[in-house]
Amino acid sequence: MAKLVVNQEKILDINELMKICPFGAMENVNGRLEINASCKMCRLCVKNGPKGAVEYIEEEVKKIDKNKWSGVAVYVDHVDGEIHPVTFELIGKARELAKKVGHKVYCVFIGYKIKDRAKELLHYGVDEVLLYDKPQLKYFTIEPYTAAFEEFINTIKPSAILVGATTIGRSLAPRVAARFRTGLTADCTVLDMKENTDLVQIRPAFGGNIMAQIVTPNSRPQLATVRYKVMSASEREENATGKVIVCDIEDSKLKSNIEVQKVTKKEKEHSISEAEVIVVAGRGIKTEKDLQMIKELADLLGGEIACTRPLIESGWLDAKKQVGLSGRTVRPKLIITCGVSGAVQFTAGMNNSDYIFSINKDEKAPIFKVSHYGIVGDIYEVIPQLIEKIKMEKGE
């Protein structure tokens with residue numbers, strides 16, 4: 001960390017010094033110069049002001065002993081013991097990261113009457129599953145779950161923790177990070193680990209214009225959330241390895257100000273995240289009526305229609321049909337993009353698809369950089385021909 005220190009006695013003219021700052025971060029408060037929150041630490045006041053009037057001081061960063069933190073942990077996301085598929089994807093990534101540094105893979109499983117389900121995790125290459133099974137943990141309430149998670153971290157001291165970016169994960173991970181005064185990188189698309197156990201977390205930033213690489217070398221544990229369908233799931237092995245450790249936690253730590261009166265199960269929705277074939281309509285679609293052409297192609301392939309953000313903003317399709325980081329992350333066997341330019345926000349949400357087939361009349365469109373196959377042409381000419389060809393093959 002760094003800071004600016006103002007030496008009032010060395011200021012010759014406050015008003016002249018204030019003019020140096022292009023951000024208006026300097027104020028004259030009763031004859032004293034103060035720096036406000038608008039400061040960008042550009043240090044122009046240090047360079048161009050009177051010598052010694054403003055000093056830039058680097059504060060010594062307290063380093064941690066990384067040897068005290070070992071292992072890559074995964075939070076087991078579930079509802080009534082039904083494990084969310086994102087957990088198995090994170091286990092696959094955790095195994096990959098742990099192998100690089102010779103660490104163990106842990107799972108923290110919090111709930112009630114979930115011991116049998118915990119044993120299932122041992123078929124996915126987990127070394128240890130720490131189980132917190134108490135009546136107070138039957139339903140997800142933030143205080144007890146955070147307390148159990150905190151107990152797990154204090155017991156194991158994992159170097160890195162991966163959490164699914166689900167409704168529960170997005171609520172729980174920030175609480176846990178705050179308890180340990182550590183960082184949290186949300187919606188990571190790429191994860192790697194250095195030899196010194198620093199977790200390299202990559203995610204789109206500034207509206208998807210850049211891919212930011214985030215490292216927290218002086219914080220442990222390192223926390224990251226990852227969306228469903230971003231990572232490759234660990235394959236189930238026939239033989240179980242590792243062990244389940246039943247952990248105890250004091251009842252006093254599991255008190256909550258929330259009392260669950262009733263749980264009403266939401267009707268299961270058909271999500272494009274589960275589709276094996278997706279046809280995506282992009283900005284190249286001129287009118288809402290033209291979506292029928294995209295839907296016909298999707299229906300012929302037994303797939304789902306989806307879209308990019310501009311079509312959602314136009315009100316042409318439901319927001320649940322949007323592909324991208326501000327929509328749904330998908331990983332189908334086949335995805336066909338129609339008139340999609342290929343912004344980072346979109347491609348980050350679908351670039352792990354098995355086959356990416358793109359149609360765009362702009363040969364320089366970014367979408368072709370991530371596509372396996374591409375056609376440079378007008379979607380209004382290409383798609384009707386594609387539909388007719390499929391119909392002929394099907395004998396329709």
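Contact is taken here to mean heavy atoms within 4.5 Å, and in this predicted model that criterion places T141 in contact with S256, I258 and V260, once its neighbours within four places in sequence are left aside. T141 belongs to the loop between β9 (128-133) and α5, and with a relative accessible area of 7% T141 is buried, the cut-off for that class being under 20%.

The protein chain as a whole contains eleven helices and 21 strands, and its C-alpha atoms fill a box of roughly 90 × 55 × 45 Å when taken along the principal axes. Of the 396 residues in the protein chain, 47% are buried. When contacts between residues at least 6 apart in sequence are considered, 63% of them join residues at least 24 apart.

The loop that holds T141 leads to α5, and the packing of this helix with α6 is considered next. Two packed helices are described by the angle between their axes and the distance between the axes. For α5 and α6 the angle is about 55° and the axes lie 10 Å apart, and the two helices are therefore oblique to each other. Their crossing is right-handed. On the side of α5 the contact involves I142, Y145, T146, A147, F149, E150 and I153, which meet S171, L172, R175, V176 and R179 of α6. Sorted by class, this contact of α5 with α6 comprises seven nonpolar, two polar and three charged residues.

Helix α6, which spans residues 167-179, has I168, G169, L172, A173, V176 and A177 as its buried residues. Because these residues cover an arc of only 135° around the axis, they are placed on the same side of α6. The face turned away from that buried side carries the exposed residues T167 and A178. The cover over the buried residues of α6 includes the helix α5 (142-156) together with the strands β5 (72-75), β6 (78-79), β10 (160-164), β11 (184-188) and β15 (222-226). Two of the buried residues of α6, L172 and V176, also appear among the residues that meet α5. Just after α6, R181 takes a positive phi of about 50°.

A second helix pair is formed by α7 (residues 291-300) and α11 (residues 379-394), which pack at an angle of about 30° with their axes 10 Å apart. That angle makes α7 roughly parallel to α11, and the crossing of the two helices is left-handed. The contact is made by M293, I294, E296, L297 and L300 of α7, and by I379, Y380, I383, P384, L386, I387, I390, K391 and K394 of α11. By class, the contact of α7 with α11 has eleven nonpolar and three charged residues, and no polar residues.

Within α7, the residues L291, M293, I294, L297, A298 and L300 are buried. They pack not against α11 alone, but also against the strands β17 (277-281), β18 (304-307) and β19 (334-338) and against the helix α8 (309-313). Among the buried residues of α7 are M293, I294, L297 and L300, which are also found in the contact with α11. Just after α7, G302 takes a positive phi of about 70°.

Particular backbone geometries were also found in loops elsewhere in the protein chain. K113, although not a glycine, has a positive phi of about 55°; this residue is located in the loop between β8 (105-111) and α4 (115-120), and K113 counts as exposed at 69% relative accessibility. K157, likewise a residue other than glycine, has a positive phi near 55° and lies in the loop between α5 and β10, where its relative accessible area of 32% makes K157 partly exposed. The peptide bond from R220 to P221 is cis, with omega near 0°, and P221 is placed in the loop between β14 (210-214) and β15, the latter being one of the strands that cover the buried residues of α6.

Note on methods: Residues numbered from 1 in each chain as written. Predicted model: local features only at pLDDT ≥ 70, side-chain atom pairs only at ≥ 80, totals over all residues. Heavy atoms only, no water. Axes fitted to C-alpha atoms, helices over the stretch in contact; angles between N-to-C directions. Helix = DSSP H or I, 4+ residues; strand = E, 2+ residues; numbered from the N terminus. Parallel < 35°, antiparallel > 145°, perpendicular 65-115°, else oblique. Left-handed = near helix turned anticlockwise from the far one by under 90°. Nonpolar A, V, L, I, M, F, W, Y, C, P; charged D, E, K, R; others polar. Buried < 20%, exposed > 50% of the residue type's maximum accessible area, 1.4 Å probe, protein only. Arc of directions from axis to C-beta.
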